[in-house]
Amino acid sequence: MAEIPYLEEYLKHMKIIKLSSDYTLKNYPIHLRDFFEFTGGKYNVTSPTINNKYTTYLLEDRKFARKTINAKLSCLRSYYHFLYDQLEVIDRNIAEKINLLDLEEREEKKLITQEEVFKILDTIDDVRDRALLEILYATGIREGELCSLNIEHIDFNNFIVTIVKGKGKKGGRTRAVPVSKSALKWVKASLGARKAGPLFLNNRAERLGTRSVYNIVTKHFGFPPHDLRHCFATHMIKKTGNMKAVSQMLGHSSIQMTEKIYTHMDAEDLKDIYKNGGMER
């Protein structure tokens with residue numbers, strides 16, 4: 001269990017200075033523990049980490065209600081104000097940049113169609129970018145998982161990608177998902193003579209990072225990697241109607257809690273769903 005930095009000092013401040021209720025003092029350690037389990041005990045994080053990665057983790061993986069998430073985010077606002085104003089252990093006060101969620105879900109974004117995705121992919125000349133985007137859309141993989149992929153995780157003969165690192169501190173389960181022949185064609189082209197090591201490299205021949213992935217996706221699609229993952233899931237579900245298979249491909253960690261009917265599916269089952277989803281062109 002991750003340690004909560006400055007917890008005792010923070011709770012004392014909230015009780016004596018802020019006159020917080022017993023209910024608040026009881027729940028704040030719970031909220032903070034969730035956060036520090038996610039960060040691995042690190043408090044020196046950026047507001048995008050909280051607004052994007054942590055909030056998405058609470059929504060998608062933990063399946064918390066928006067009201068509960070806002071309580072956790074409000075706690076973080078208070079906590080980071082304390083770290084900055086009282087303890088002065090951080091250089092910048094990120095509290096004001098922590099965004100709460102709308103209590104009512106906003107109208108669903110209008111996603112681009114599968115045909116539009118393919119059309120954009122076909123305009124990309126950069127082989128590395130094309131291969132990366134093909135893999136992202138063909139598998140619904142998270143950007144962090146993508147960055148962790150090695151060449152050895154690709155089964156080029158059976159068109160399978162083994163995703164070995166999930167989201168959050170616990171990492172999630174290793175899972176094998178189908179991948180399109182088109183995506184692997186571009187991957188092979190981007191690898192050249194390389195046979196092992198990171199699947200995607202930056203310009204310094206180092207493993208590509210999540211910020212670079214974000215920049216590549218927004219450059220070509222105009223929206224972040226998570227929206228491309230959402231396109232994958234939405235297109236597959238609409239075409240196949242098989243939420244179970246798609247959820248397994250996405251690697252959601254809380255399926256068993258939310259969907260009791262979900263059962264194990266092997267790679268051949270997933271391949272059938274994959275073909276029906278129109279991922280093979």
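Me: Which residue in E2 stands opposite isoleucine 154?

Reply: Opposite isoleucine 154 stands valine 161 in E2. This is a predicted model, in which local features need pLDDT of at least 70 and side-chain atom pairs count only at pLDDT 80 or more, while totals for chains, interfaces and linings use all residues. Residues are numbered from 1 along each chain as its sequence is written, and side-chain values use heavy atoms, with hydrogens and water left out.

Me: What makes E1 and strand E2 a pair?

Reply: Two strands pair if DSSP finds at least two bridges between them, and E1 is joined to strand E2 (residues 160-163) over two bridges in the antiparallel sense, so the requirement is met. In E2, isoleucine 160 is the bridge partner of aspartate 155. The hairpin of E1 and E2 has four residues between the strands, and phenylalanine 159 takes a positive phi near 55 degrees there.

Me: How do you know that E2 and E3 pair?

Reply: E2 and E3 run antiparallel and are joined by four bridges, which satisfies the requirement for a pair. In E3, arginine 175 is the bridge partner of isoleucine 163.

Me: Why are strands E1 and E3 said to stand at the edges?

Reply: The open sheet has three strands in the order E1-E2-E3, with antiparallel pairing. Strand E1 (154-155) and strand E3 (175-178) each have a single partner strand, so one side of each is left without a neighbour in the sheet. The whole chain has 13 helices and three strands, where helices (H or I, at least four residues) and strands (E, at least two) are DSSP runs, numbered from the N terminus.

Me: What makes the contact between arginine 142 and glutamate 145 a salt bridge?

Reply: A salt bridge is a side-chain nitrogen of Lys or Arg within 4 Å of a carboxyl oxygen of Asp or Glu. For arginine 142 and glutamate 145 the closest N and O atoms are 2.9 Å apart, so the pair qualifies. Asp61, Arg142, Glu145 and Arg175 are linked in a network of salt bridges, and a search of the whole structure finds nine salt bridges.

Me: Why is arginine 142 called buried or exposed, and what about glutamate 145?

Reply: Buried means under 20% relative accessible area, exposed over 50%, and partly exposed in between (1.4 Å probe, protein chains only). Arginine 142 has 7% relative accessibility and therefore counts as buried, and glutamate 145, at 2%, counts as buried too. Buried residues make up 47% of the 281 residues in the chain.

Me: How do you know how aspartate 129 and arginine 128 are classed?

Reply: Aspartate 129 has 3% relative accessibility and counts as buried, whereas arginine 128, at 22%, counts as partly exposed. Aspartate 129 forms a salt bridge with arginine 128, in which the closest N and O atoms are 2.9 Å apart.

Me: What makes glutamate 206 and arginine 204 a salt bridge, and how is each classed?

Reply: The closest N and O atoms of glutamate 206 and arginine 204 are 3.1 Å apart, so the salt-bridge condition is met. Glutamate 206, at 40% relative accessibility, counts as partly exposed, while arginine 204, at 61%, counts as exposed.

Me: How many disulfides does the structure hold?

Reply: A disulfide is a pair of cysteine sulfur atoms within 2.5 Å, and the structure holds zero disulfides. Cysteine 75, at 0% relative accessibility, counts as buried, and cysteine 147, at 10%, counts as buried.
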